[in-house]
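Q: Please take a close look at the salt bridges of this structure, and then set them within the chain as a whole. I am new to it, so kindly explain each term as it arises.

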Amino acid sequence: MLTRRMLAQVMVAGLFAEALDAGMGGLGGAALAQPSGQAGPQGLKFGRPQSFSYAGLKKLAEERAAKPYVSPPRPDPAIVEQIDYDAHGKLKFKPEYALYAEGKSPFPITFMHVGRFFPKTVQMFSVSGGKAREILYQPSYFTMNPDNVASKLPPQPSAFAGFWVREPGPKWREEEPWATFLGASYFRAVGELGQVGLSARGIAVTPGAGVPEEFPDFVAFWFEPSPPDSDTVTVYALLDGPSLTGAYRFLMHRSRGVIMDIEASLNLRKAIERIGVAPLTSMYWYSETAKLTAVDWRPEVHDSDGLAIWNGAGERLWRPLNNPPSITISSFTDEKPRGFGLMQRDRNFDDYQDGVRYHLRPSAWVEPVGDWGRGTVQLVELPTDDEIHDNIVAYWNPAEPTKPGDKLFFAYRLYWLADEPFPSPLARCIATRLGLAGKAGEPRPEGVRRFMVEFSGKPLADLGPNVSPEPVLWASRGTFSGAFTQRVPGEAPDRWRAQFDLAVSGKEPVDMRLFLRSSGAVLSETWLYQYHPF
């Protein structure tokens, strides 16, 4: 199901990659001009079979990086521009034409049509026995009334824009897909609570600020059939953009939620000022932390509420998200990171009161495979005034500067779950609240803000009677006062809050740290926050 946010994500996507070379599964302009039209067992039409291998795909990506970037053909732009949100929603792929609809693989694949917000051809290939055949676009694959403007498109170039991976079993036609690849290099999956939310990308190129962001595209996908008893779907992808190419392999496991084993072999045409590996993209409008009066009737609106990091030193960090007044990039230096992710920790429906089920949105966690070396986890926060815009990006940025001709390889496991796959035994932050300092009935001091940070976890429940944890505070500027901790009244014994005031002048952001300890022992993860004085 297309969402308004997915449409917004790719409205600014970059140009399409050059026509792909022939010789890798029929990929290229020559193959498009000479389709065989051979029909498959489920009614799909296929191009001629040609050799395919993962090693060959890596070689193709490397060879392409040595050539200038050229935009490939697109379906008639004048027609595609008229396929707006409503018209696109009526273009339903007919289930009888699904790849593997006949049961050759337990996970059928269905395809999505180009439209105003997804205008680029993406070639699709079926792989079997080391041979790949292009799946040739036909208008008859889609429910397309004669009055739908899409019916005016010719069969070539292909009008496929993306694909869905469907659930196994006889009722897959009635169930929502569990993985989606659509627009630039965006993809996402359903979490273990049965809901979609945030997205991931193949790569991020200078996201956020400084220079215009580049959006490379997945220009082609190859699908291998899964064994009957497998929970894994194997997909290969070719990425191309002005600054780099890439060969990808996705091993996507459908278990509780979705777990993806991802390999990315990248080849740089140009030096990239800031490259984002394993990027995650989400939406944060507001939460209990800070909310403008009457901006919306709902208490909270967000797909994710914080960035969690497990750094190479073993420290657990929690950074609540902001909707900042201007674009902000925060960097968290690390070496050999153990993981990071955009989390949705608040699972209480009453905190959202919304039928779109924000309380069930998945969390996404990146687990590096191998040694990623030195670098930073970077968090980009953009201002937004609505929930339709993704304004949060998190990714790994290697410390080593890039240059033309560089070859980079990254492997990681991406978890789409309800929580971190490896939760910390420490108490965790569950709420951050801001308010005016001072006392009721008295003038409030200028430039002073009160913070209330709430933690929950077994180390706090295990504190003895009359023992309070110590709040350990740090700020990049300003002065703390009135710091103390207390059990949250009326809640379980593992719920404690730290309260303190921060006096600061000026409008520059303030970075803060807080954790709880007792008798020298650390009891909680480290709360990080960037406060924007106002």
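**Salt bridges and their setting**

A: Arg-64 and Asp-240 are joined through their side chains by a salt bridge, with 2.5 Å from N to O. The term denotes a side-chain nitrogen of Lys or Arg within 4 Å of a carboxyl oxygen of Asp or Glu. This is a predicted model, in which local features need pLDDT of at least 70 and side-chain atom pairs count only at pLDDT 80 or more, while totals for chains, interfaces and linings use all residues. Residues are numbered from 1 along each chain as its sequence is written, and side-chain values use heavy atoms, with hydrogens and water left out.

The bridge between Arg-64 and Asp-240 links distant parts of the chain: Arg-64 lies in helix α3 (residues 54-65) and Asp-240 in strand β15 (residues 232-240), 176 residues apart. Helices (H or I, at least four residues) and strands (E, at least two) are DSSP runs, numbered from the N terminus. Both Arg-64 and Asp-240 are buried. Buried means under 20% relative accessible area, exposed over 50%, and partly exposed in between, with a 1.4 Å probe and protein chains only.

A second bridge pairs Arg-201 with Glu-213, whose closest N and O atoms are 2.9 Å apart. Here too distant parts of the chain are linked: Arg-201 belongs to strand β12 (residues 199-201), and Glu-213 to the loop between β13 (204-205) and β14 (217-224), 12 residues apart. Arg-201 is buried because its relative accessible area is 3%, whereas Glu-213 has 27% and therefore counts as partly exposed.

A third bridge brings together the side chains of Arg-413 and Asp-261, at 2.6 Å from N to O. Arg-413 in strand β28 (residues 407-417) and Asp-261 in strand β17 (residues 257-268) are 152 residues apart, and the pair links distant parts of the chain. Arg-413 is partly exposed because its relative accessible area is 28%; Asp-261, at 18%, is buried. Elsewhere, Asp-296, Arg-298, Asp-354 and Glu-387 form one network through salt bridges that share partners. A search of the whole structure finds 27 salt bridges.

The setting of these bridges is a chain with six helices and 36 strands. Its radius of gyration is 25 Å, close to the 24 Å that the globule rule gives for 534 residues, so the chain is as compact as a globular protein of that length. That radius is taken over C-alpha atoms, and the rule is 2.2 Å times the number of residues to the power 0.38. Along its principal axes, the C-alpha trace spans about 80 × 45 × 45 Å. Of the 534 residues, 57% count as buried.

Contacts, meaning heavy atoms within 4.5 Å, add to this picture. Among those in the chain with a separation of 6 or more, residues 24 or more positions apart account for 71%.

One buried position can serve as an example. Leu-307 lies in strand β21 (residues 306-310) and is buried because its relative accessible area is 1%. Neighbours within four places in sequence aside, the residues in contact with Leu-307 include Leu-317, Trp-318, Phe-332, Val-377 and Ala-394. Between Leu-307 and Phe-340, 33 residues apart in sequence, the C-alpha to C-alpha distance is 7.2 Å.
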